[in-house]
Amino acid sequence: MRIAVFGGTGGTGRRFLEAATDAGYGVKALVRNPNAIGEMPGVVPVVGNVLDGGKVVLTLSECEAAVVILGRTKGNPPDVLAVGTDLVIKGMAKMGLRRLIVVTSLGVGESRAQVPFVFKLLMNTVWKKEMQAKEAQERIVRESETDWTIVRPGGLTNDVVAGSYRIGTDTGTVGGRVSRGDLASFLVSLVRDGSHVRETPYVA
Ligand SMILES: NC(=O)c1ccc[n+]([C@@H]2O[C@H](COP(=O)([O-])OP(=O)(O)OC[C@H]3O[C@@H](n4cnc5c(N)ncnc54)[C@H](OP(=O)(O)O)[C@@H]3O)[C@@H](O)[C@H]2O)c1
């Protein structure tokens, strides 16, 4: 099985490429800068931007699932998450793909109750635009006809992979940090077992 990845050059994205190929999946990754991942066995890079619908479709071709781990890194309009994700969803419809996994953040939507007070303050101020962008991205995913899962991690770290993490859909549970490697493992497990369809699990 082959997975189309959007955001494969990012902190979590690179770990996802490793975890997915280690698990035996083929990967096609849309990358703006192929040097950011170098040569990785099992990974086919497609050079382009997620805002280019043609490149998105090219990435999705011959894949069975799409994983979106986009962030608002440099050189982007403010609505890149929503517009890019929308193009992925439109491309999936064109190519006949159903399985979609999208990483957003704890604190979005009804998970707002799951973040500590100080984070709520930041979300209302310095992170306000980022949170609004993720709200818009989640809306587009929820309204899609895909078999979607929205994954909401707590604060990301580069700590070593713990191999264990908390997941759940209970918004009464307070979240916490998670390493990018553990998040990547969870994403691979979602591809493998097809769980949490039309759900928004947190991972902490
Ligand atoms: N940092 C935290 O504590 C935290 C907490 C909760 C959730 N999150 C979310 O978790 C996700 C993963 O975070 P991260 O820090 O691991 O990722 P990241 O390093 O910010 O990676 C973002 C990825 O998106 C890609 N991207 C951005 N614009 C693109 C475009 N126009 N076309 C193609 N690719 C584009 C980047 O590519 P380039 O290499 O070309 O820029 C990169 O691969 C993000 O959505 C983040 O907001 C983060």
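In which helix does Met92 lie? Met92 belongs to helix α3, and the close-up views described below are all taken from a predicted model.

**View A. Met92 and its surroundings in helix α3.** The side of the chain around Met92 is shown with the residues that touch it. Met92 has a relative accessible area of 0% and is therefore buried. Apart from neighbours within four places in sequence, its contacts are Leu60, Ala66, Leu97, Arg98, Arg99, Leu100 and Thr146. Leu60 is separated from Met92 by 32 residues in sequence, yet the two C-alpha atoms are 6.9 Å apart in space.

**View B. The buried side of helix α2.** Helix α2 spans residues 53-60, and its buried residues are Val56, Val57, Thr59 and Leu60. Because these residues cover an arc of only 160 degrees around the axis, they fall on the same side of α2. The elements that cover them include the strands β1 (2-6), β2 (26-31), β3 (43-47) and β4 (65-68), together with helix α3 (80-95).

**View C. The two ends of helix α2.** At the start of the helix, a side-chain oxygen of Asp52 comes to within 3.0 Å of the backbone nitrogen of Gly54. Just after the helix, Glu62 adopts a positive phi of about 65 degrees, although Glu62 is not a glycine. Glu62 is part of the loop between α2 and β4. With a relative accessible area of 63%, Glu62 is exposed.

**View D. Arg198, a residue with a positive phi.** Arg198 is not a glycine, but its phi is positive, at about 60 degrees. This residue is located in the loop between α6 (180-193) and β10 (202-203). Its relative accessible area of 43% makes Arg198 partly exposed.

**View E. Gln137 in helix α5.** Is Gln137 buried or exposed? Gln137 counts as buried, since its relative accessibility is 0%. When neighbours within four places in sequence are set aside, Gln137 is in contact with Val68, Leu81, Ala82, Thr85, Val102, Val103 and Thr104.

**View F. A network of salt bridges around Glu110 and Arg152.** The model contains six salt bridges. One of them joins the side chains of Arg142 and Glu110, with an N to O distance of 3.7 Å. This pair links distant parts of the chain, as Arg142 is in helix α5 and Glu110 is in the loop between β5 (99-103) and α4, 32 residues apart. Both partners are partly exposed: the relative accessible area is 33% for Arg142 and 41% for Glu110. Glu110 also forms a salt bridge with Arg152, whose closest N and O atoms are 3.2 Å apart. Here the partners are 42 residues apart, with Arg152 in strand β6 (residues 147-153). Arg152 counts as buried at 1% relative accessibility. A further salt bridge connects Glu138 to Arg152, the closest N and O atoms being 2.8 Å apart. This pair joins helix α5 to strand β6 across 14 residues. Glu138 is likewise buried, at 3% relative accessibility. Through shared partners, these salt bridges join Glu110, Glu138, Arg142 and Arg152 into one network.

**View G. A nonpolar patch on the surface.** Val118, Phe119, Val126 and Trp127 make a nonpolar surface patch of about 360 Å². Val126 is situated in the loop between α4 (117-124) and α5 (128-142). Its relative accessible area is 59%, so Val126 is exposed.

Conventions
Residues are numbered from 1 along each chain as its sequence is written. This is a predicted model: local features need pLDDT of at least 70, side-chain atom pairs count only at pLDDT 80 or more; totals for chains, interfaces and linings use all residues. Side-chain values use heavy atoms; hydrogens and water are left out. Patches are made of residues with over 30% relative accessible area and no salt bridge: like charges are joined within 9 Å, nonpolar side chains (Val, Leu, Ile, Met, Phe, Trp, Tyr) within 5 Å. Accessible areas come from the Shrake-Rupley method with a 1.4 Å probe; for residues, only the protein chains shown count as cover. A salt bridge is a side-chain nitrogen of Lys or Arg within 4 Å of a carboxyl oxygen of Asp or Glu. Helices (H or I, at least four residues) and strands (E, at least two) are DSSP runs, numbered from the N terminus. Buried means under 20% relative accessible area, exposed over 50%, partly exposed in between (1.4 Å probe, protein chains only). The arc is that of the directions from the helix axis to the C-beta atoms. Contact means heavy atoms within 4.5 Å. A polar contact is a pair of N or O atoms within 3.5 Å; within protein, one must be able to donate a hydrogen and the other to accept it, and residues adjacent in sequence count only if both atoms are side-chain atoms.
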